[in-house]
Amino acid sequence: MSKIASDFGIYDALKVLGIKEINEGSSTGTNNFSSGETIASFSPVDGSLIAKVKTTTKEDYEQVMGTATAAYKEWRTKPAPQRGEIVRQFGDKLRELKEPLGKLVSYEMGKSYQEGLGEVQEMIDICDFAVGLSRQLHGLTMHSERPGHRMYEQYHPLGVVGIISAFNFPVAVWAWNTALAWICGDVCIWKPSEKTPLCGIACQHIAATVFKENNLPEGISCLINGDYTVGELMTGDARIPLVSATGSIRMGKIVAQAVAARLGKSLLELGGNNAIIVTPDADIKMTVIGAVFGAVGTAGQRCTSTRRLIIHESMYDKVKNAIVAAYNQLRIGNPLDENNHVGPLIDTDAVLQYNKALQQVVNEGGNLIVEGGVLEEQGYESGCYVRPAIAEAENHFKIVQHETFAPVLYLIKYSGDVENAIAIQNGVLQGLSSAIMTNNLREAEQFLSAWGSDCGIANVNIGTSGAEIGGAFGGEKETGGGRESGSDAWKVYMRRQTNTINYTTELPLAQGIKFDL
Ligand code: NAD
């Protein structure tokens, strides 16, 4: 038994979450359909095996699809506010289980316990949002050009929605999708990341409890386990009208093509290459907090992590020195221990990518000003802990153009007007999150204008990471163009139907076309 896991109550948390068989090499899911090979979930916190989970075979998948389809027939007939009531109950269960689920997220994924709790809070928030929305799935009415006709549009559910999620938000991204899809009348099949399968099982248990308590079919929420081959079962399946996929750009390009080949819809939430512009009018204290949290929070493994700091030459040395000083204060270690700022990377493969990036930036002419490195001493046995690094670099470097999913921050100098900084900020293929630090209204508005930031998220005097659920979340260019979570993102989970009703005894044609028999 892992000492950290027992000291920090992980085993108790697993029990409360219904994951009972640990370290026994057997399936831990409620997902009775999974009969394939097992995958192991190792904690990056201490390298311990947490549990093994059976994967979903093609035959299992057919059974899952059967239960999902049957559940959909029942679920779509429930009025949307009643579906909202079920989502309300699900949110309440999450409130009860916030601490154990937050702990599991922290231990299985490696983010800090505070961030694990924050992720569960995000799930609760989206449930609250979805409950309200369940009474507001409004369509428009419009005036018909024909007398005695009424025209309006309404939204119907799509059917079975496929969700593919990444390791770094192992529970919240599923909730963003599923809470909205459920109130819209859809049922969901979820394939969580193979790196965080236990988070998926825990969520499935919670959802299943709520459906059971309400005599509803468990198939409203389905779970499939495994790697990309299991994801491919959904992307190629014409019975799934919408696939919502969160992950790398590499994955998004494959998924988009597979879904488009059958003319399905995909909602893509892919990688970012997020920058903060620091102008001569920036507040240095706020800049440092925003940049450091953005770059090292979740060990640089957020899609919205700050990768680039684009600093005006007049401020450059001041900002650089303040950030380097802040990096010297960082405490790296067990993320369940709230004294630490930075936890581990997800696995040793991620450590390899981190090392490669540091090597490459130097090869391309960059200058490492905070060197980084892998921690190997006692307490870091998992081999996944690295020191956050900072390099002075140029935007055109190949490595700067690429998203390295680790705490590596590039400092880039700009001169002249804010337009030059915006051009650098936009000069990458990704378009997720962006920010400007300035007290100058003119600069802020230019950044937000149509010729400003080209990203899905553009912030003023806030860092790039840490979005609220109320706004639509997503990005442009290679980030995929999808929008999830708040605002009117719900519309993607529904199909729109335009209805025209004639209440006369005549049959006039649109555009005044005559057709007399
Ligand atoms: P990944 O692309 O390796 O895997 C993501 C998911 O896709 C996993 O469940 C994986 O099994 C599945 N997958 C991979 N190839 C597939 C295929 N061909 N067909 C079907 N499914 C497939 O990503 P990751 O390493 O888990 O996560 C990190 C990446 O996710 C980063 O690039 C990050 O920026 C991105 N991300 C984006 C957002 C966003 O909202 N924009 C949010 C979180 C993470």
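Is Ser453 buried or exposed? At 13% relative accessibility, Ser453 counts as buried. Keep in mind as you look around that this is a predicted model.

## Around Ser453

To find Ser453, go to the loop between helix H16 (441-448) and strand S19 (457-460). Its side chain has a couple of partners worth a look. One is the side chain of Ser434, with which Ser453 makes a polar contact at 2.8 Å. Another is a piece of backbone: the nitrogen of Cys455 lies 3.2 Å from a polar atom of the Ser453 side chain.

## Salt bridges and a network

Let's turn to charges. The structure holds 18 salt bridges, and a good place to start is helix H4 (residues 80-96), home to both Asp92 and Arg88. These two form a salt bridge, with 2.8 Å between the closest N and O atoms. They sit four residues apart, which is about one turn of the helix. Asp92 is partly exposed, with a relative accessible area of 31%, and Arg88 is partly exposed too, at 36%.

Now for a bridge that leaves the helix. Arg95 pairs with Asp128, the closest N and O atoms being 3.0 Å apart. Arg95 belongs to helix H4 and Asp128 to helix H6, so this salt bridge ties together parts that are 33 residues apart in sequence. Arg95 counts as partly exposed at 40% relative accessibility, and Asp128 is partly exposed with 38%. Put Glu85 into the picture and you get a network of salt bridges that links Glu85, Arg88, Asp92, Arg95 and Asp128.

Elsewhere, Glu194 forms a salt bridge with Lys191, where the closest N and O atoms are 3.5 Å apart. Here the two ends are not alike: Glu194 is partly exposed, with a relative accessible area of 32%, whereas Lys191 counts as buried at 3%.

## Aromatic rings

A search of the whole structure finds ten aromatic pairs. Take Tyr155 and Trp490, an edge-to-face pair with 5.0 Å from centre to centre and 70° between the planes. This pair links distant parts of the chain: Tyr155 is in strand S4 (residues 149-157), while Trp490 is in the loop between strand S22 (484-485) and S23, 335 residues apart. Both Tyr155 and Trp490 are buried.

Tyr155 also has Gly139 to look at. The C-alpha atoms of Gly139 and Tyr155 are separated by 6.6 Å, with their positions 16 residues apart along the chain. Gly139 lies in the loop between helix H6 (113-133) and strand S3 (141-143), and it counts as partly exposed at 33% relative accessibility.

Want more rings? Trp75, Phe90, Trp174, Trp182, Trp190 and Phe211 form one aromatic cluster.

## Lysines over rings

Some rings have a charge for company. The charged end of Lys103 sits over the ring of Tyr113, 5.9 Å from the ring centre. Lys111 lies over the face of Phe169, at 3.7 Å from the centre of that ring.

## A nonpolar patch on the surface

Last stop: the surface. Which residues form a nonpolar patch there? Leu509, Ile513, Phe515 and Leu517 do, and together they have about 520 Å² of accessible area. Ile513 is found in the segment after strand S23 (494-502). With a relative accessible area of 49%, Ile513 is partly exposed.

Notes:
Residues numbered from 1 in each chain as written. Predicted model: local features only at pLDDT ≥ 70, side-chain atom pairs only at ≥ 80, totals over all residues. Heavy atoms only, no water. Patch = residues over 30% accessible without salt bridge, like charges linked within 9 Å, V, L, I, M, F, W, Y side chains within 5 Å. Areas by Shrake-Rupley, 256 points an atom, 1.4 Å probe, with all protein chains shown as cover. Salt bridge = Lys/Arg side-chain N within 4 Å of Asp/Glu carboxyl O. Helix = DSSP H or I, 4+ residues; strand = E, 2+ residues; numbered from the N terminus. Buried < 20%, exposed > 50% of the residue type's maximum accessible area, 1.4 Å probe, protein only. Phe/Tyr/Trp six-rings, centres within 6.5 Å; stacked < 30°, edge-to-face > 60°. Lys NZ or Arg CZ within 6 Å of the ring centre and 35° of its normal. Polar contact = N/O pair within 3.5 Å; in protein donor to acceptor, adjacent residues only side chain to side chain.
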